[in-house]
Amino acid sequence: MSSERTPLIAGNWKMHKTVADAEDLIQALLPRVSTSDGVEVAICPPFTALNAMVDSTRGSRVQVFAQTMHFAAQGAFTGEISAAMLSELDVHGVVLGHSERRALFNETDKALAQKVAAALAAGLTPILCVGETDEERERGDTERKLRHQIKEDLSKVAEAELSKVVIAYEPIWAIGTGKVATPHQAQEAAGFIRALVGDRSKEQSNLVRVLYGGSVKPENAQELLALADVDGALVGGASLEAESFAAIVAAAG
Ligand code: PEP
C-alpha cells in the first residue's frame, strides 16, 4: 500500500441478502467501521437492496456499489440496468467484469470496454476485475491474460481518466476456493497491472488503485494489504458477516 493512494476495501455480496438481511448486516457493520480513518469502505449489494443501502449508509463512510450494469443508456435489454439508473440512486460505483459475470453470463472484453466508459461518463467509479484461471497460470500465461484484459477493457478510457478506475486483480482459482494467492503472486500481478497502466501514463499509474481479491479473510488480510502495489481488497465470502469484514477493514487502516 502506498501513502499516496487511499486503500479501498469492497465487499461483494453477490446474490446474497434480501433487503431485510442487508439491513441487518449494514446496521451491524456501520459501528464497526466508523473509526477506520484513511480507508474507503464499500459494499456491493444486489440490485434489489441498492436503494435501501444507499439510504442506510448516508452520512457514513460506507460507499455503495452495484455488481454489474449494461453499457447502453437505455433500450430493449430485458433484465438489464443502465449507468444512469445507478447514478440516479446515488450509487457510488459498479463492479465490472467479475469472473463470475465473464464465465457464467458471457461478459466479454468488448462489452466491458463500453461498460467502463459508460460508468465513468455517468460519474460512477468502476471496479474492473481481471485475473487468470488456474490453467492459464500453470502454462505461464498470467501476464498475457492480464495484458489482454487491461488493454481491451480500458481501451475507451482517456489517459487522464485512468486512475478513476479501480482495478481488482482476482485470480479466478482463488475466488471462493479458500486458496489465496501468495504475497509474492499478488504483488507480482498487482505490480504488473500498474506497469500496464504506466505504459499509457506514468502519472496515472502512480494514482490508480489496484485491489487484490480471492479468499481474503481477517487472517491473511494484513500481509496482502501491506504489499507495495496492493491498495485494498475485493472481498466475497468474508464480506457477508460484519465481524469478518470489519476486521479486514481494520487491517487496511
Ligand atoms: C469475489 O467474489 O470477488 C471474491 C474475491 O470472493 P471470495 O473473497 O469469496 O474469494
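Colleague: In which helix is the place of Ser244?
Modeller: This is a predicted model. Ser244 sits within residues 242-252. That run is helix H11.

Colleague: Is Ser244 buried or exposed?
Modeller: Its relative accessible area is 17%. Buried means under 20%. Therefore Ser244 counts as buried.

Colleague: Which backbone oxygen does the side chain of Ser244 reach?
Modeller: Setting aside residues up to four places away in sequence, Ser244 touches Pro218 and Ala238. The side chain of Ser244 comes to 2.9 Å from a backbone oxygen. That oxygen belongs to Ala238.

Colleague: How many of the 11 residues of H11 are buried?
Modeller: The buried set is Ala242, Ser244, Phe245, Ala246, Ile248, Val249, Ala251 and Ala252. H11 is therefore largely enclosed by the rest of the structure. The count is eight of the 11.

Colleague: Which elements do the buried residues of H11 pack against?
Modeller: Two of the elements are helix H10 (218-225) and strand S8 (232-235). The others are S1, H1 and S2. The full set is S1, H1, S2, H10 and S8.

Colleague: Which residues come nearest to the ligand?
Modeller: There are 14 residues around the ligand. They divide into four nonpolar, eight polar and two charged. Those that come nearest are Lys14, Glu170, Gly176, Ser215 and Gly236.

Colleague: How far is an oxygen atom of the ligand from an N or O atom in the side chain of Lys14?
Modeller: Lys14 belongs to the loop between S1 and H1. Its side chain brings an N or O atom to an oxygen atom of the ligand. The distance is 2.6 Å.

Colleague: Which side chain does a polar contact of 2.8 Å join to that of Lys14?
Modeller: Leaving aside neighbours within four places in sequence, Lys14 is in contact with Cys44, Pro46, Gln67, His98, Glu100, Ile175 and Gly236. One of these residues makes the 2.8 Å side-chain polar contact. The partner is Glu100.

Colleague: Which residue places a backbone N or O atom 2.7 Å from an oxygen atom of the ligand?
Modeller: His98 uses a polar side-chain atom, 2.8 Å from an oxygen atom of the ligand. The 2.7 Å distance involves a backbone N or O atom. That atom belongs to Ser215.

Colleague: How much of the accessible area of the ligand does the protein cover?
Modeller: On its own, the ligand has 290 Å² of accessible area. The protein covers most of that. The covered share is 97%.

Colleague: How many disulfides does the structure hold?
Modeller: A disulfide needs two cysteine sulfur atoms within 2.5 Å. For Cys44, the nearest cysteine sulfur is that of Cys129, 8.7 Å away. Cys129 is in no disulfide either. The total is zero.

Colleague: Is Cys44 buried or exposed?
Modeller: Cys129 has 1% relative accessibility and counts as buried. Cys44 has 0%. Cys44 is therefore buried.

Colleague: Where does Leu162 lie?
Modeller: Leu162 is buried, at 3% relative accessible area. Beyond four places in sequence, its contacts include Leu154, Val197, Arg200 and Val208. Leu162 lies in the loop between helix H7 (142-153) and strand S6 (166-169).

Colleague: What covers the buried residues of H2?
Modeller: The buried residues of helix H2 (47-57) are Ala49, Leu50, Ala52, Met53, Val54, Ser56 and Thr57. After H2 comes Gly59, with a positive phi near 80 degrees. The cover includes helix H1 (19-33), strand S2 (40-44), strand S3 (62-66) and helix H3 (83-88).

Colleague: What is phi of Lys17?
Modeller: Lys17 is in the loop between strand S1 (8-12) and H1. Lys17 is partly exposed, with 25% relative accessible area. Its phi is positive, though the residue is not glycine. The value is near 85 degrees.

Colleague: Is Asn106 buried or exposed?
Modeller: Asn106 is in the loop between helix H4 (99-104) and helix H5 (109-121). Its phi is positive, near 55 degrees. The relative accessible area is 63%, so Asn106 is exposed.

Methods: Residues are numbered from 1 along each chain as its sequence is written. This is a predicted model: local features need pLDDT of at least 70, side-chain atom pairs count only at pLDDT 80 or more; totals for chains, interfaces and linings use all residues. Side-chain values use heavy atoms; hydrogens and water are left out. Buried means under 20% relative accessible area, exposed over 50%, partly exposed in between (1.4 Å probe, protein chains only). A residue is near a molecule or strand if one of its heavy atoms lies within 4 Å of it. A polar contact is a pair of N or O atoms within 3.5 Å; within protein, one must be able to donate a hydrogen and the other to accept it, and residues adjacent in sequence count only if both atoms are side-chain atoms. Accessible areas come from the Shrake-Rupley method with a 1.4 Å probe; for residues, only the protein chains shown count as cover. Ala, Val, Leu, Ile, Met, Phe, Trp, Tyr, Cys and Pro count as nonpolar, Asp, Glu, Lys and Arg as charged, and the others, Gly among them, as polar. Helices (H or I, at least four residues) and strands (E, at least two) are DSSP runs, numbered from the N terminus. Contact means heavy atoms within 4.5 Å.
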